[in-house]
Amino acid sequence: MTRLIFLGPPGAGKGTQAQRLAEVLRIPHISTGEILRSAVADKTPLGQKAQAYMDRGELVPDELLLDLIGDRLNQPDAEKGWILDGFPRNVSQASFLEKLLQELNQTCNCAINLEVPDEILLDRLLGRGRLDDTPETIRTRLEVYRHQTAPVIEFYRERALLRIIDGDRPMEEVTDSLEQVIMS
Ligand code: ADP
């Protein structure tokens, strides 16, 4: 049973790698960024509440996401395992998830931090051209990452669940390393 949490700064390649692994393992890839972007595109109540935060590069408020994650992990397809990408993004989300998994009688295998140097992140984010990838929001998102998301790495290190992978390599090599970590 594979249950993985993907950590790492914006532009680290979490989405790409999580997607690939989820396909190989035939388990759901749960990306809060994707869920939110499609809510915005569909103009759902969630999307309407989240959009302004996302446009500024800030985190959307926890209360918009916590129930959503609870519901998602309760879906039948998540019984076979899952890869969480983009959640948890602050320590309160990490504590919430820890309790949720206890309630669901699930344990995650590990939290994987994809490490990539800042200057590479900037190049990647500026090159990718997503709507929320303007120089202004990118700066905010990297700040938010340092202040709110980096402490989540310590949260998992304290629980001996942290695995670190060098994300500054060709995509295939990163995928190979990830597969090795999961098999080990
Ligand atoms: P990236 O690939 O740059 O890390 P994501 O696609 O994961 O970005 O997320 C895009 C945006 O969605 C974030 O900037 C944030 O506003 C919002 N978001 C995604 N996940 C979360 C979360 N767990 N908590 C709060 N906001 C989130």
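A pocket, as the term is used here, is an open set of grid points with protein on both sides within 12 Å along at least five of seven lines. The model under study is predicted.

**Exercise 1.** State the volume of the second largest pocket and describe the residues that line the pocket.

*Solution.*
Step 1. The volume of the second largest pocket is about 200 Å³.
Step 2. Its lining comprises 13 residues, and those nearest the centre are Glu98, Leu101, Gln106, Thr107 and Cys108.
Step 3. Two elements, helix H5 (91-103) and H7, each give two or more residues to this lining. H5 gives the most, with four residues.
Step 4. Sorted by class, the lining of the second largest pocket holds seven nonpolar, four polar and two charged residues.

**Exercise 2.** Determine how much space lies in the largest pocket, and which residues lie nearest its centre.

*Solution.*
Step 1. The largest pocket encloses about 830 Å³ of space.
Step 2. Of the 44 residues that line the largest pocket, Pro10, Lys14, Arg89, Arg128 and Arg130 lie nearest its centre.

**Exercise 3.** Identify the elements that supply at least two residues each to the lining of the largest pocket, and give the lining by class.

*Solution.*
Step 1. The strands that meet this criterion are E1 (2-7) and E2 (29-31).
Step 2. The helices that meet it are H1 (14-25), H2 (32-41), H6 (118-128), H7 (135-158) and H8 (171-183).
Step 3. H2 provides the largest share of the lining, five residues.
Step 4. The lining of the largest pocket divides by class into 17 nonpolar, 15 polar and twelve charged residues.

Definitions and conventions
Residues numbered from 1 in each chain as written. Predicted model: local features only at pLDDT ≥ 70, side-chain atom pairs only at ≥ 80, totals over all residues. Heavy atoms only, no water. 1 Å grid on protein atoms, 1.4 Å probe; cavity = no way out; pocket = protein on both sides within 12 Å on 5 of 7 lines; lining within 4 Å. Points joined across faces, edges and corners; volume = space filled by probe spheres on them. Nonpolar A, V, L, I, M, F, W, Y, C, P; charged D, E, K, R; others polar.
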